[in-house]
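Work through these exercises with the model open beside you. Try each task before you read its solution.

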Amino acid sequence: QVQLVESGGGLVQPGGSLRLSCAASGSIFRIYAMGWYRQAPGKQRELVAAITSGSSTNYANSVKGRFTISRDNAKNTVVLQMNSLKPEDTAVYYCNVEVTTRQISPRTNYWGQGTQVTVSS
C-alpha cells in the first residue's frame with residue numbers, strides 16, 4: 001500500500017500565497033508522475049499541475065505564471081507553491097502520484113485525502 005500525506009492548506013486573502021506539500025510512503029518501488037488536482041463545490045475535479053519523473057511540468061491555463069510545482073525524488077515529496085491566489089482558486093486540493101510497487105508491476109495511481117484551500121477576504 002501507498003500512503004499520501006498532504007499539508008499546507010488553509011485560509012488566505014486574495015493575492016496571498018500558500019504552499020502545499022505531499023509526502024508519499026509505503027510500498028513504493030518507483031514514482032513516475034506526481035501532481036495536484038482540485039475540486040470546487042459543484043464542479044468536476046481538474047488537473048492543476050503535474051510533474052514527471054524527469055521534472056517536465058504541465059499546468060492548467062488558469063494557474064500558469066502563479067503556481068509552481070516541484071518534487072524531491074529523494075524524499076518522495078511534491079510541492080505546489082501557489083502565489084497571487086484568487087477567490088476562484090478556492091477548492092479542495094488533492095495530491096496524486098503514479099507508482100509501481102515492485103520492479104515488474106503495473107503503474108497505479110494513488111490519491112491523498114485532500115486539503116482545503118480557501119481564498120477570501
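**Exercise 1. A buried pair**

Task: In this predicted model, decide whether Arg66 and Asp89 are buried or exposed. Then find what links them.

Solution.
- Step 1. Apply the cut-off: buried means under 20% relative accessible area. Arg66 is buried, and Asp89 is buried too.
- Step 2. Look at the charged ends. Arg66 and Asp89 form a salt bridge, and their closest N and O atoms are 2.7 Å apart.
- Step 3. Place the two residues on the chain. Arg66 sits in the loop between β6 (57-59) and β7, while Asp89 sits in the loop between β8 and β9. The pair links distant parts of the chain, 23 residues apart.

**Exercise 2. From pair to network**

Task: Find the salt bridges of Arg38 with Glu46 and with Asp89. Which residues do the shared partners join into one network?

Solution.
- Step 1. Start with Asp89. Asp89 forms a salt bridge with Arg38, with 3.0 Å between the closest N and O atoms.
- Step 2. Locate this pair. Asp89 lies in the loop between β8 and β9 (91-100), and Arg38 lies in strand β4 (residues 30-39), so the salt bridge ties together parts that are 51 residues apart in sequence.
- Step 3. Turn to Glu46. Arg38 forms a salt bridge with Glu46 as well, and here the closest N and O atoms are 2.7 Å apart.
- Step 4. Compare accessibility. Arg38 has a relative accessible area of 6%, so Arg38 is buried. Glu46 has 35%, so Glu46 counts as partly exposed.
- Step 5. Connect the pairs. Through shared partners, the salt bridges join Arg38, Glu46, Arg66 and Asp89 into one network. The count of salt bridges in the model comes to four.

**Exercise 3. An arginine without a salt bridge**

Task: Arg71 is buried yet has no salt bridge. Which backbone oxygens does the side chain of Arg71 reach?

Solution.
- Step 1. Find Arg71 in strand β7.
- Step 2. Check for a partner of opposite charge. The nearest such side chain is Glu98, 8.2 Å away. A salt bridge needs a nitrogen and an oxygen within 4 Å.
- Step 3. Look at the backbone instead. The Arg71 side chain reaches the backbone oxygen of Tyr32 at 2.7 Å. It also reaches the backbone oxygen of Ile31 at 3.5 Å.
- Step 4. Survey the surroundings, leaving aside neighbours within four places in sequence. The contacts of Arg71 include Ala33, Met34, Ile51, Thr52 and Thr77.

**Exercise 4. Reading a sheet**

Task: In what order do the four strands of the open sheet stand? Which strands are at the edges?

Solution.
- Step 1. Read across the sheet. The order is β1-β3-β8-β7, with antiparallel pairing.
- Step 2. Find the edges. β1 (2-7) and β7 (67-72) each have a single partner strand, so one side of each is left without a neighbour in the sheet.
- Step 3. Note the turn from strand to strand. Neighbouring strands are turned by 15° against each other on average, direction ignored.
- Step 4. Follow the pairs. β1 and strand β3 (residues 18-26) are joined by six bridges. In this pair, Ser7 has Ser21 as its bridge partner.
- Step 5. Move on to β3 and β8, again joined by six bridges. Here Cys22 in β3 partners Val78 in β8.
- Step 6. Finish with β7 and strand β8 (residues 77-82), which pair over six bridges. Ser70 stands opposite Val79.

**Exercise 5. Positive phi**

Task: Where do Ser55 and Asn76 lie, and what is the phi of Ser55 and of Asn76?

Solution.
- Step 1. Recall the usual case. Most residues other than glycine have a negative phi.
- Step 2. Check Ser55. Its phi is near 70°, a positive value. Ser55 lies in the loop between β5 (46-51) and β6. Its relative accessible area is 46%, so Ser55 is partly exposed.
- Step 3. Check Asn76. Its phi is near 55°, also positive. Asn76 lies in the loop between β7 and β8. At 23% relative accessibility, Asn76 counts as partly exposed.

Conventions
Residues numbered from 1 in each chain as written. Predicted model: local features only at pLDDT ≥ 70, side-chain atom pairs only at ≥ 80, totals over all residues. Heavy atoms only, no water. Pairing = 2+ DSSP bridges. Helix = DSSP H or I, 4+ residues; strand = E, 2+ residues; numbered from the N terminus. Axes fitted to C-alpha atoms, helices over the stretch in contact; angles between N-to-C directions. Buried < 20%, exposed > 50% of the residue type's maximum accessible area, 1.4 Å probe, protein only. Lys, Arg positive; Asp, Glu negative; His and termini not counted. Polar contact = N/O pair within 3.5 Å; in protein donor to acceptor, adjacent residues only side chain to side chain. Contact = heavy atoms within 4.5 Å.
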